Each structure stands twice: as structure tokens, then as C-alpha cells.
Amino acid sequence: MSTYTEEVQTKLNNILEKTYDAEKGFKKAADHAKSTDLKTFFSRKGEERYNFGHELKTEMVRFGQEIDKGGSATGAMHRSWMDVKAWFSADNDEAMLEEAITGEKAAIDEYKEVLNDTSLPSSTATLLTQQMNKISTDLSNIKNLESVL
């Protein structure tokens with residue numbers, strides 16, 4: 001069975017950390033959203049990221065990798081920014097959605113960076129591609145939510 005390079009392991013752990021950060025951020029946004037549609041969207045995205053994290057963790061363990069626990073400093077700063085932005089905008093749904101869009105675009109970029117590594121086992125590349133495509137599809141569909149705010 002092949003293994004990951006040290007660089008790939010680090011990048012996968014970074015994606016895993018940011019996935020759990022996104023889960024926490026989406027759940028927090030769902031708690032603060034006023035729009036029912038947005039609450040539902042944020043809750044679904046939080047659950048999706050929970051599932052993404054467990055799928056990625058399972059894949060990494062399968063290849064004998066150590067899993068870093070806990071959220072990233074960048075994610076904590078992003079959640080803090082979302083908290084500040086929500087406070088200043090009186091939990092403005094539009095501001096939270098804009099922050100979510102920014103985070104989703106960054107996630108796609110990070111997935112692409114890891115997927116450019118040719119040493120990825122095919123099962124890992126397939127998993128990452130599926131997750132990235134789901135994020136991308138939801139990002140494209142977010143326009144529907146913007147129109148109801």
C-alpha cells in the first residue's frame with residue numbers, strides 16, 4: 001500500500017483542520033441566521049463538513065497517517081472575524097453569507113492545491129475531488145440564497 005509524502009500529509013491535515021473549522025463556523029452561523037432558508041443552508045453545510053472530516057480522517061488512517069486534532073489558528077481567526085462581523089452587523093444574514101462564500105472559495109483553492117500533487121493515491125484524489133465538487137456546486141447555487149435576503 002502506498003503512503004503519503006510528508007508534504008501531502010501536512011496538506012491533508014490542514015484540509016482536515018479547516019474542514020472542522022468550517023463545520024463549527026457553519027453551525028455558529030446557523031445559530032445566528034434570521035432567515036429560515038439560511039439557517040437550513042448553514043446547518044446542512046455544518047453537517048456536510050462533519051461528514052467530510054470523518055471521510056478524510058478515515059482515508060488518512062487507512063494510509064497510516066497521524067491525524068492532527070483541533071482547529072487551526074487560521075480557522076479560529078476566521079470564526080472570530082465572523083463573530084465580530086455578526087456583532088457589528090447585528091447578525092446580518094447577508095454579511096454571514098458573504099463570509100461563508102469567502103471561506104468556500106478558499107476551501108476550493110486548498111483542495112485544488114492538494115489535488116495537484118501527483119503522488120496522491122487514487123482513492124484519496126477521488127475523495128478530495130468529490131468533496132471539492134460538492135463545495136463548488138453549493139457555491140454556484142448560493143445565488144439562490146442571496147436573492148432571498
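## Confidence first

Averaged over the protein chain, pLDDT is 83, with 81% of the residues at 70 or more. This is a predicted model, and the confidence varies from helix to helix. Helix α2 comes out on top with a mean of 94, while helix α3 (residues 73–88) sits at the bottom with a mean of 51.

## The overall picture

What does the secondary structure of the protein chain come to? There are 5 helices and 0 strands, so the pattern along the sequence reads α-α-α-α-α by the DSSP assignment.

Of the 149 residues in the protein chain, 44% are buried. The exposed area is about 8,000 Å², and carbon and sulfur atoms account for 53% of that. As for contacts, take the ones between residues at least 6 apart in sequence: 78% of them join residues at least 24 apart.

## Helices α2 and α4, end to end

Helix α2 covers residues 36–62. With 27 residues at 1.5 Å a residue, α2 should span 39 Å, and the distance between its end C-alpha atoms agrees at 39 Å. Ser35 caps the N-terminal end of α2, with a side-chain oxygen 3.3 Å from the backbone nitrogen of Asp37. Past the other end, just after α2, Gly64 has a positive phi of about 75°.

Helix α4 covers residues 93–115. From first C-alpha to last, the 23 residues of α4 reach 33 Å, close to the 33 Å expected at 1.5 Å a residue. At the start of α4, Asn92 puts a side-chain oxygen within 2.7 Å of the backbone nitrogen of Glu94.

## Lys11 and its two partners

Lys11 turns up in two salt bridges, one with Glu7 and one with Glu113. The Glu7 pairing has an N to O distance of 3.1 Å. Why can Glu7 and Lys11 be about one helical turn apart? They are 4 residues apart in helix α1 (residues 6–32), and that is the spacing of about one turn. The general rule is that an α-helix has 3.6 residues a turn, so residues three or four places apart point the same way.

The Glu113 pairing has an N to O distance of 3.6 Å. Here the pair links distant parts of the chain, with Glu113 in helix α4, Lys11 in helix α1, and their positions 102 residues apart in sequence.

Are these residues buried or exposed? Lys11 is buried, because its relative accessible area of 16% falls under the 20% cut-off. Glu7, at 48%, is partly exposed, and Glu113 is also partly exposed, at 45%.

## More salt bridges

How many salt bridges are there? The count comes to 13. Another one of them joins Glu59 and Arg62, at 3.4 Å from N to O. Glu59 and Arg62 sit 3 residues apart in helix α2, which separates them by about one helical turn. Their surroundings differ in exposure: Glu59 is buried, with a relative accessible area of 9%, whereas Arg62 is partly exposed at 43%.

Then there is a network of salt bridges, worth picking out in the viewer. The residues linked in it are Arg44, Lys45, Glu48, Arg49, Glu104, Lys134 and Asp138.

## Two residues to look up: Asn13 and Thr102

Asn13 lies in helix α1. Its relative accessible area is 2%, so Asn13 counts as buried. Which residues is Asn13 in contact with, leaving aside its neighbours within four places in sequence? The answer is Met60, Glu66, Ile67 and Asp68. For Ile67, the C-alpha atom is 6.6 Å from the C-alpha atom of Asn13, although the two residues are 54 apart along the chain.

Thr102 belongs to helix α4. With a relative accessible area of 47%, Thr102 is partly exposed. The C-alpha atoms of Thr102 and Leu139 are 9.8 Å apart, and 37 residues separate this pair along the chain.

Key
Residues are numbered from 1 along each chain as its sequence is written. This is a predicted model: local features need pLDDT of at least 70, side-chain atom pairs count only at pLDDT 80 or more; totals for chains, interfaces and linings use all residues. Side-chain values use heavy atoms; hydrogens and water are left out. A salt bridge is a side-chain nitrogen of Lys or Arg within 4 Å of a carboxyl oxygen of Asp or Glu. Buried means under 20% relative accessible area, exposed over 50%, partly exposed in between (1.4 Å probe, protein chains only). Contact means heavy atoms within 4.5 Å. Accessible areas come from the Shrake-Rupley method with a 1.4 Å probe; for residues, only the protein chains shown count as cover. The expected span of a helix is 1.5 Å times one less than its number of residues. A polar contact is a pair of N or O atoms within 3.5 Å; within protein, one must be able to donate a hydrogen and the other to accept it, and residues adjacent in sequence count only if both atoms are side-chain atoms. pLDDT is the predictor's confidence in each residue, from 0 to 100.
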